[in-house]
Amino acid sequence: MITTGRKLMGLFTRRERWQFIGIVVAMIVVGLLQVTGVGSIMPLVGLLANPDQVSTNAQLNWAYTTFGFSDVQSFIFFMGLVVLGILLLSNVFIAITIWLITRFAWANQERLSCQLLANYLNRPYIAFLDRNSADASKNILSEMQVLTN
């Protein structure tokens, strides 16, 4: 599996390798944001069910006093906005990451398809006598899409 990964990385240019690393990092950040977003829902539900937690929970009490809230209802509303903000940030980052992945895959598919076509066209005429031209077309279009997706 490591040799297959090295062969695939050999198909990329230096810039594309850095883009790939950036995409992997973005995917890790997306995972962390999703865990944070989902993990923040249950404490909010607990706070909604028992508003007295503001005075008994040390972290909630710290946030309540630090941000200068005067009543628990406004603090709960603020916490709801914070959770909503985390979920929105997570979704925006997911959308950007999916766009980057798609752009990366299509750009590499286009580049590798052009290279493969140029390789086929640079072969001598004798190489095409034994082969069906549909095979070359299939390799350029279908197989390259399988490789890049």
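**Close-up views of an all-helix model**

**View 1. The whole chain, seven helices and zero strands**. This is a predicted model, and from the N terminus on its elements run α-α-α-α-α-α-α. Let's start with the overall dimensions: along its principal axes, the C-alpha trace spans about 85 × 25 × 25 Å. The radius of gyration is 26 Å, whereas a compact globule of 149 residues would have one near 15 Å.

**View 2. Helix 2 alongside helix 6**. Two packed helices are described by the angle between their axes and the distance between the axes. Here the axes of helix 2 and helix 6 come within 9 Å and cross at roughly 155°. Angles over 145 degrees count as roughly antiparallel, so helix 2 is roughly antiparallel to helix 6. The crossing of helix 2 past helix 6 is left-handed. If you look at the residues of this contact, you will find 16 nonpolar, seven polar and two charged.

**View 3. The second largest pocket and its lining**. Rolling a probe the size of a water molecule over the atoms shows where empty space is left. In this pocket, the second largest, that space comes to about 180 Å³. Its lining consists of Arg 15, Glu 16, Gln 19, Ile 23, Leu 100, Arg 103, Phe 104, Ala 107 and Asn 108. The elements giving two or more residues to this lining are helix 2 (14-39) and helix 6 (72-121), the pair shown in View 2. Helix 6 contributes the most, with five residues.

**View 4. Chemical character of the same pocket lining**. Sorted by type, the lining residues of the second largest pocket comprise four nonpolar, two polar and three charged.

Notes: Residues numbered from 1 in each chain as written. Predicted model: local features only at pLDDT ≥ 70, side-chain atom pairs only at ≥ 80, totals over all residues. Heavy atoms only, no water. 1 Å grid on protein atoms, 1.4 Å probe; cavity = no way out; pocket = protein on both sides within 12 Å on 5 of 7 lines; lining within 4 Å. Points joined across faces, edges and corners; volume = space filled by probe spheres on them. Helix = DSSP H or I, 4+ residues; strand = E, 2+ residues; numbered from the N terminus. Nonpolar A, V, L, I, M, F, W, Y, C, P; charged D, E, K, R; others polar. Axes fitted to C-alpha atoms, helices over the stretch in contact; angles between N-to-C directions. Parallel < 35°, antiparallel > 145°, perpendicular 65-115°, else oblique. Left-handed = near helix turned anticlockwise from the far one by under 90°. Rg over C-alpha atoms; globule rule 2.2 N^0.38 Å.
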